[in-house]
Amino acid sequence: MQLKDLRAVQKDLAGFVDYFKSEFGRSERRHWCGMYLSGLMLDGERKSIEPMAERLDGGDVQALSQFVNQSPWAFEPVQEKLRRFLFERLKPQKGFLILDDTTFPKKGTHSVGVSHQYCGALGKQANCQSLVSWQYASAEMHFPLQAELYLPASWTSDLKRMKKAGVPERRWKFQEKWRLALELLDLFRADVPHEAILCDAGYGQSKEFLHALDERNEFFIASIPSTMSFWPAEIKTHAPAAKTGRPRQFQTVRDPRKKPLQAQKWAKRLHARPEVWKTIVLPHQQRKKIKVAAVRVREVDSNYLRRPGKERWLLIERFGDGFKYYLSNLSPETLLRDLAVAAHSRWKIEQGYQQLKEELGLDHFEGRTWQGFHHHVTLCFMAYDFLLMLKQKWAKKKFPFQPSQPSAVGSIA
């Protein structure tokens, strides 16, 4: 966005920021919130504090730094109110919740949560931070919902280091990414209408995570690695008589010669049956065509190998000589097309991350503290959603904000 464009929407931006006045409190915080959002939306290669202040009329490095790094406003209520507002005003229909994590490469070791771990941004092990986040996607729009920094064990085992970075006590205990994702999900899932949850193989390979979604009565479609194994859904089982004591409660595979198959073996088995492969045209992706097949399977429990688990859909996508694999707990009556289209809706989170990083500087924060990091992430979400609202305004010739008078947001003119 150029300066002249930003000046043209100052009244809209003022109303947007004033909507959060109860969360930000003092008028000077709302003023610098507006300035920070303006800096994020203005064109420029770097969206860290100093270059943003240089581009803004009235920009002040110290004041912007204080607002983001030291100001005591809580980021969680802002994310919650932002989320509620979007659903109340935009009323999106038939959407999905998409879970993923995104990484921010870092050269130093002092930024909160930084550790030598897999960095998706670089495609290799490297020093980085990892943000676990949920986004919402429908046919018409997509936007971030909730996010929080993942803390590796190297951080949670060092209390002094956590205190120095301002990590709150509630995060002093190590938590796997999937557990953090569930905790965030429980904050909003009752208030966000959705059809299913979509996630990548990093979460799909965790049976504990998928079972937790089952317990919450959540439908999911999860990418999975090719090495996950499954029994056929129709595998014959029996409860062998116990030699002593009470009868056995669990069914086990009747034929001792039978073995579960890895997903890649299922793909090879289906590959020999051309009649099961269907061509699906994906909407909203330049009408891309994919070839897919699906089969009903049952989970394999590594602790009880011959005791088949929950029944699932195994969706296999074929491209050239390769395959992609998805697991879902959607009902057996689900149409193959619906399953495939839903699975491919996850690409929107990548588009969302790209916009947040390349256009709004999500990965440009240079501070080291927990509070500063989450303030910056939340403000990037606000800027993203404000631009989404502008898009709706231009489409419908109206804007759902009325700025209070006088506005607490500083002018950039």
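Select strand β1 (residues 96-105) and strand β5: the two pair in the parallel sense over 4 bridges. The model on screen is a predicted one. To see one of these pairings, pick phenylalanine 96, whose bridge partner in β5 is alanine 196.

**Strand β5 and its other partner**

Keep β5 selected and show the side chains of residues 196-199. Ala196 and Leu198 point one way, while Ile197 and Cys199 point the other way. In a regular strand the side chains alternate between the two faces of the sheet. Are these four side chains of β5 buried or exposed? All of them are buried.

Now add strand β6 (residues 220-223), which runs parallel to β5 and is joined to it by 3 bridges. Within this pairing, leucine 198 stands opposite isoleucine 221 of β6.

**A hairpin: β3 and β4**

Move to strand β3 (residues 124-137) and strand β4, which run antiparallel and are joined by 8 bridges. Between β3 and β4 is a hairpin connection of 4 residues. Select valine 132 and look across to glutamate 148 in β4, which stands opposite.

Next select β4 alone, residues 142-150. Why can β4 be called largely enclosed by the rest of the structure? The reason is that 9 of its 9 residues are buried.

**The largest nonpolar core**

Select Leu37, Trp134, Leu379 and Met382. In the largest nonpolar core, which has 100 residues, these four touch the most other members. Which helix gives the most to this core? Helix α16 (residues 370-396) does, with 13 residues. In soluble globular proteins, nonpolar side chains tend to be buried together.

Zoom in on methionine 382 and leave aside its neighbours within four places in sequence. Its contacts then include Phe16, Phe20 and Phe24. Cys33, Leu37, Val78 and Leu82 are also in contact with methionine 382. Another core, of 21 residues, lies apart from the largest one; Ala137, Ile290, Trp313 and Tyr326 are among its members.

**Two residues of helix α16**

Return to helix α16 and select aspartate 385, which is found there. Aspartate 385 is buried yet has no salt bridge. Where is the nearest side chain of opposite charge? That side chain belongs to arginine 83, 9.5 Å away. Not counting residues up to four places away in sequence, aspartate 385 touches Leu82, Leu86, Phe143 and Pro144.

Now select cysteine 380, also found in helix α16. Cysteine 380 counts as buried because its relative accessibility is 0%. Apart from residues up to four places away in sequence, cysteine 380 touches Leu40, Leu356, Leu360, Gly361 and Leu362. For a view across the model, add proline 105. The C-alpha atoms of cysteine 380 and proline 105 are separated by 18 Å, and the two residues are 275 residues apart along the chain.

**Cysteines**

How many disulfides does a search of the whole structure find? The search finds 0. A disulfide is a covalent bond between the sulfur atoms of two cysteines. Select cysteine 119 and cysteine 128 to look at one pair. The sulfur of cysteine 128 is the closest cysteine sulfur to that of cysteine 119, but at 4.1 Å it is too far for a bond. With a relative accessible area of 0%, cysteine 119 is buried. Cysteine 380 is in no disulfide, and the nearest cysteine sulfur, that of cysteine 33, is 12 Å away.

Definitions and conventions. Residues numbered from 1 in each chain as written. Predicted model: local features only at pLDDT ≥ 70, side-chain atom pairs only at ≥ 80, totals over all residues. Heavy atoms only, no water. Core = buried A, V, L, I, M, F, W, Y, C linked by side-chain atoms within 4.5 Å. Buried < 20%, exposed > 50% of the residue type's maximum accessible area, 1.4 Å probe, protein only. Contact = heavy atoms within 4.5 Å. Lys, Arg positive; Asp, Glu negative; His and termini not counted. Salt bridge = Lys/Arg side-chain N within 4 Å of Asp/Glu carboxyl O. Pairing = 2+ DSSP bridges. Disulfide = S-S within 2.5 Å.
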